[in-house]
Amino acid sequence: MLADYSVLLISAILVNNFVLVQFLGLCPFMGVSNKLETAIGMSSATTFVLTLASICSWLTYEWLLVPLGLEYLRTISFILVIAVVVQFTEMVVRKTSPLLYKVLGVFLPLITTNCAVLGVALLNINKEHSFVESALYGFGAAAGFSLVLVLFAAMRERLAVADVPQPFQGPAIGMVTAGLMSLAFMGFAGLV
Amino acid sequence: MIELLSQHPFIAALGSLALLGLAFGSLLGFAAVKFKTEGDPIADQVEALLPQTQCGQCGYPGCRPYAEAIAQGDAINKCPPGGETTINALADLLDVEALPLDAEEESVPSVAYIREDECIGCTKCIQACPVDAIVGAAKHMHTVVASECTGCDLCVEPCPVDCIDMIPLPTTVQNWSWELPPSAEEAITEDLIATDRGNSGEDSKDRDQAA
Amino acid sequence: MRKIWDIHGGVHPPENKTQSLQRGIENAGIPPVLVHPLSQHIGAPAAPIVEVGQSVLKGQMIAEAKGFVSVPVHAASSGTVSAIEHREIPHPSGLLAPCIVIDTDGKDEWIELDPVDDYTALEKADLLHRIRDCGIAGMGGAGFPSAVKLSTRDDAVIDTLIINGTECEPYITADDMLMRERADQIIAGIKILQHLIQPTEQTLIGVEDNKPEGIAALRQAAEDSNIEIVVFPTKYPSGGEKQLIQILTGREVPSGGLPADVGIVCQNIGTTVAIHRAVQFGEPLISRITTVTGEACSAPGNFEVLLGTPVDYLLKLGGFNQQQCLRLVMGGPMMGFTLKDTSVPVVKTTNCLLAPTTEELPPPPPAQACIRCGLCAEACPVSLLPQQMYWFARGKEYEKLEDHNLFDCIECGACSYACPSNIPLVQYYRASKAEIRKQQQEKVKSEHAKARFEARQLRIEREEAEKEARRKARQEAAKKKAAAGKDPIKAAQEKAAAPAVDPAQAAIEKAMAKRSGEAPQESSEETLARLQKAVETAEKRLESASAKLKEAEAADAPNLGALQTAHERMTEKLAKAKEELQQHQQVSSGASDTNDPAAAAIARAQAARASKEDKSPLEKAQEQVASLEKRLTKSEQKLAEAKESGSDTAEVLEQSTAKLREKLDAARAELAQISESEAPVAAAASTNDPAQLAIEKAMAAREAAAKLSPEDKARKALESLEARVEKTRAKLAEAEESGADTVEVLRDTLAKLEDKLAEARKDAGVEG
């Protein structure tokens with residue numbers, strides 16, 4: 001049992017990393033990785049939202065949609081769930097850390113459209129996860145997202161002061177770096 | 001009830017979505033009340049970065065109003081006394097693009113100096129000084145307390161006899177500092193190709209610290 | 001054999017020490033001019049205490065220390081002060097700084113000295129004072145005032161005294177020669193330091209193993225003492241204070257801390273000798289050993305040179321050849337700086353003058369791009385990340401630099417030396433450090449300015465408030481005066497402005513009532529002021545009484561008892577006064593609102609007056625009369641026309657003409673009255689007011705009313721009501737005929753009037 005869970009977690013974090021392997025959630029990955037501080041803030045917000053959304057959408061599906069035979073409504077109701085969780089997070093962040101709120105700016109509401117969040121919710125259904133499994137899967141996906149976002153932000157911070165050849169300056173070198181990171185994460189494929 | 005719903009899936013779909021919406025709406029409503037934010041803590045942080053010369057060159061009457069304006073979304077490049085450093089710090093804080101300064105040039109740190117034999121003792125400059133750095137009485141000569149002067153030049157305008165000068169602070173041994181050396185890449189493109197290494201230029205004399 | 005630790009990194013530049021070790025220490029003699037900069041140390045510059053033209057003796061103090069971290073300056077030889085002015089000083093900036101210039105007389109006459117035979121008899125503070133007064137600052141390079149460094153806190157236990165004889169920088173041999181020739185003086189100095197610091201465990205002299213002769217001399221001199229000479233392998237920069245401590249004891253001085261934090265005090269060997277001379281002979285610091293070396297010098301060697309000696313004078317002794325030398329360096333090749341001018345003087349920190357040829361020390365080739373080889377990180381003795389800091393320094397990311405412990409950098413230059421791309425790394429760090437310090441200073445300054453700005457805002461606000469309060473008080477006083485002046489006109493003026501149309505009697509009565517209602521209020525305010533004053537004076541008295549009591553207690557005066565009782569009495573009085581005040585405040589707070597309607601009425605009256613002020617009543621009346629006359633003539637014309645044509649409107653017209661005539665008559669009467677009243681009161685501006693008019697009318701009406709009996713009054717009222725009802729009826733009929741939309745309103749008014757009439761009739765009936 002525990003082994004299954006840990007395999008699920010590791011698979012979500014490293015092997016099937018949502019950003020670098022499944023290419024979900026690339027928008028914040030490129031957008032909020034200019035500064036380490038922002039990246040950490042975004043990571044924690046996303047972790048919170050992803051885990052909570054994963055749990056809420058599972059509950060909505062199993063307790064509301066399945067009994068009523070409304071499985072076909074899952075996408076729209078998941079979007080609803082995610083939007084609400086994001087709104088809620090936004091309010092909390094605004095209250096607890098106004099600066100983080102300001103720094104995250106447009107990206108906080110954009111978690112709503114972070115495809116990783118909807119992806120996790122739908123994958124939970126597809127893979128027929130139990131409640132605990134879907135919570136873990138959501139958390140694992142978020143942890144994987146946070147890991148690569150923070151790593152990438154740290155690299156970009158150093159890239160910012162480095163001598164980058166003119167044609168590669170700016171987002172270009174960021175893309176190259178992301179590609180190299182993705183290649184590196186391919187190396188985890190044999191892990192599980 | 002269940003039967004009705006199972007017979008009319010359309011109603012069931014509508015009903016369940018409405019139910020979800022209602023539940024979530026009430027949750028958000030609760031959160032909106034519970035996590036209500038008031039005040040503007042950002043303005044405080046912005047104000048801490050401003051140089052507090054109170055010079056009004058930004059178009060606001062003092063640093064605090066400008067800080068509030070920035071928190072409301074005003075441009076961050078309106079502070080000549082702060083210059084590039086302040087703009088960068090603000091850009092960093094607010095995570096916005098650092099803009100070039102909205103003035104011809106960064107104002108050099110300076111102090112006001114009253115040519116005392118020309119002063120007629122009108123006290124106009126005393127009233128203009130935002131930090132009470134000018135002392136004097138009516139019909140008596142005034143003078144600037146240099147250590148308190150922020151160099152905002154607000155006292156220059158009201159002087160009816162133009163006896164106030166802004167004197168740039170001199171560089172002394174105490175406040176002198178090393179300059180950043182020219183960047184390696186610039187130096188290369190300027191006067192050297194790779195095979196030139198070892199051929200020294202005369203101009204590198206000043207950079208002898210390294211060896 | 002004691003354990004020797006190693007430091008991280010370090011480099012091994014060519015030593016080049018033998019050139020200057022060929023001869024012993026030579027005396028440089030007395031130059032014709034001595035230049036004494038006021039700031040030769042870290043801390044506040046000294047302040048001159050001599051005047052131009054004054055003759056000074058050798059060893060005389062010519063500038064005194066200003067502040068705690070500062071040392072005085074002494075004349076290095078006898079002569080006359082020829083100038084106190086800005087001169088070039090040995091500083092990397094090449095800037096001018098204030099100096100005292102002495103023209104020497106060659107007599108080299110000493111001032112009377114104050115030697116100490118037995119320093120062990122001296123107090124620690126006395127010793128420190130002596131060291132400070134002799135102007136001793138660290139002679140190893142930084143020039144930190146020695147007395148400050150030696151005055152450790154009493155609670156800090158110092159277990160180890162370390163004497164730094166490392167001299168790790170290439171070319172420099174001043175300390176080496178000192179060890180060879182004056183080992184006994186070094187040991188004597190160390191003994192003084194031991195007495196001063198009382199190290200609980202050990203006293204160590206750290207010397208690199210490239211100075212065997214010096215080590216031998218020291219060993220011999222220290223034979224029968226508890227001083228241990230520790231020899232360790234040569235490596236640059238072992239001579240850094242924190243590095244030496246680590247090598248000798250294995251302890252690391254914490255980041256941002258002092259050696260005293262780990263129980264260690266460290267002094268340079270040259271400083272030790274200076275302290276010895278200062279304490280034992282009373283000699284201030286006026287000379288030092290300076291190495292003159294480099295291939296551009298034909299006779300390199302070490303010179304005992306008077307501080308203030310111009311560098312070119314010293315170089316001449318060393319056989320300096322200007323043609324061969326591209327740049328002249330003060331200090332060593334690693335940490336020294338280029339001199340821009342050879343007229344600068346030798347100062348307390350000048351350990352070496354390096355005059356290399358171009359081949360010997362070529363100018364660094366231009367810096368190339370960083371290849372991220374990491375050699376700098378390997379070389380760094382403080383285990384920093386020079387390469388990372390280089391990028392941050394270039395990107396001006398000062399916060400990151402601080403996070404990477406930029407301020408632990410000792411600027412030894414090992415990273416720059418190791419860099420294959422010739423990047424002047426140290427200069428980046430120096431510039432960044434300076435920038436960070438500048439920002440911190442600006443921050444402090446801006447906080448200060450903000451505090452002052454806010455204090456000013458507060459003051460201005462307070463002044464405004466005070467002004468407002470004063471204005472209010474004045475207003476209040478004026479009102480009081482007006483009310484107390486028993487001016488029925490003024491009182492009525494208040495009333496007249498009110499929109500009430502009550503009979504005049506009632507108006508005046510009301511105004512009177514208001515005034516009398518105000519009267520106690522006024523007096524209550526007075527009491528309030530009086531009570532407040534009483535409390536204040538009581539407080540003041542109490543204060544002075546307690547002050548006196550305290551004094552008496554301190555002095556144990558005989559009148560203590562009396563004072564105590566007096567004090568008690570005062571306290572009681574104050575309490576009573578406060579109580580009274582409070583009571584009164586409670587009472588008057590209830591009464592205070594009676595004041596308001598009167599004030600409101602005044603305000604309204606003033607407003608009304610202001611709006612009508614531009615036209616005097618006389619003019620108005622005249623205008624009215626004129627317009628009425630016009631209308632009358634017009635209507636008479638119309639009437640005549642109607643009669644001629646026999647139209648049915650003739651009747652109506654006749655009526656309105658009659659009405660107009662009536663009105664005109666009334667207006668004329670009014671005009672007459674006004675012009676009458678205008679004459680006597682023309683002087684007073686307020687008589688033009690409608691208010692004044694109203695008052696007069698009211699008074700007239702009152703007088704008339706007073707003459708009438710109540711029955712008459714009732715009858716009159718009845719009559720007027722009947723007239724009004726009649727009029728209204730006529731109007732209503734007219735309106736109904738023409739179908740005007742005022743019919744409704746008129747009907748209402750009529751009904752009301754009829755009601756009133758009925759009431760009045762009843763009243764009259766009862767009374768009659």
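This report walks through a predicted model with several chains, looking mostly at chain C.

**Confidence first**

Since this is a predicted model, a good place to begin is with its scores. The model as a whole has an ipTM of 0.72 and a pTM of 0.66. For chain C, the average pLDDT is 81, and 79% of the residues reach at least 70. Two stretches of chain C deserve some care: pLDDT stays under 50 over residues 517-522, and also over residues 590-596. The model has nine contacts beyond four places in sequence for residues 517-522, and six such contacts for residues 590-596.

**Chain C in outline**

Chain C has 768 residues, of which 36% are buried. Its secondary structure comprises 21 helices and 17 strands. If you look at contacts in chain C between residues at least 6 apart in sequence, 72% of them join residues at least 24 apart.

**Parallel strands and the helices between them**

Let's follow the chain through strands 9, 10 and 11. Strand 9 (160-164) of chain C pairs with strand 10 in the parallel sense, and the two are linked with helix 3 in a right-handed β-α-β unit. The pattern continues with strand 10, helix 4 (residues 212-221) and strand 11 of chain C, which also make a right-handed β-α-β unit. The table lists the two parallel pairings.

| Strand pair in chain C | Sense and bridges | Residues opposite each other |
|---|---|---|
| Strand 9 and strand 10 | parallel, five bridges | C:Ile162 and C:Leu204 |
| Strand 10 and strand 11 | parallel, six bridges | C:Leu204 and C:Glu228 |

Is strand 10 of chain C enclosed or open? Five of its seven residues are buried, so strand 10 is largely enclosed by the rest of the structure.

Helix 5 (residues 241-249) of chain C is enclosed too: nine of its nine residues are buried, so the rest of the structure largely surrounds this helix. Among these buried residues are C:Glu241, C:Lys242, C:Leu244 and C:Ile247. The cover over them includes strands 9, 10, 11 and 12 of chain C. Just after helix 5 comes C:Gly250, with a positive phi near 80°.

**A small antiparallel sheet**

Chain C also holds an open sheet of three strands, in the order 3-5-6, with antiparallel pairing. Strand 3 (47-48) and strand 6 (73-74) stand at the edges with a single partner strand each, so one side of each has no neighbour in the sheet. Strand 3 and strand 5 (residues 61-64) are joined by two bridges, and C:Pro48 has C:Ala63 in strand 5 as its bridge partner.

**Nonpolar cores**

The largest nonpolar core has 99 residues, and those touching the most other members include C:Ile162, C:Leu218 and C:Leu314. Helix 3 (residues 174-197) of chain C gives this core its largest share, 12 residues. Apart from this core lies another of 52 residues, including A:Ala12, A:Ile13 and A:Ala143. What does C:Leu314 touch beyond its neighbours within four places in sequence? Its contacts include C:Ala28, C:Val292, C:Phe303 and C:Leu353.

**Where chains A and B meet**

Finally, 22 residues of chain A are in contact with 22 residues of chain B. On the chain A side, helix 3 (36-65), helix 4 (74-96) and helix 5 (98-104) each give two or more residues. Helix 4 of chain A gives the most, with nine residues. By class, this side of chain A has 12 nonpolar, six polar and four charged residues.

Terms used. Residues are numbered from 1 along each chain as its sequence is written. Chains are lettered from A and ligands numbered from 1 in the order in which they are written. This is a predicted model: local features need pLDDT of at least 70, side-chain atom pairs count only at pLDDT 80 or more; totals for chains, interfaces and linings use all residues. Two residues are in contact if their C-beta atoms, placed from the backbone, lie within 7 Å. Helices (H or I, at least four residues) and strands (E, at least two) are DSSP runs, numbered from the N terminus. Ala, Val, Leu, Ile, Met, Phe, Trp, Tyr, Cys and Pro count as nonpolar, Asp, Glu, Lys and Arg as charged, and the others, Gly among them, as polar. A nonpolar core is a set of buried Ala, Val, Leu, Ile, Met, Phe, Trp, Tyr and Cys residues joined through C-beta atoms within 7 Å. A residue is buried if 20 or more other C-beta atoms lie within 10 Å of its own, exposed if 12 or fewer, and partly exposed in between; C-beta atoms are placed from the backbone. pLDDT is the predictor's confidence in each residue, from 0 to 100. Two strands pair if DSSP finds at least two bridges between them. A crossover is right-handed if, with the strands pointing away from the viewer, the path from the first strand over the helix to the second runs clockwise.
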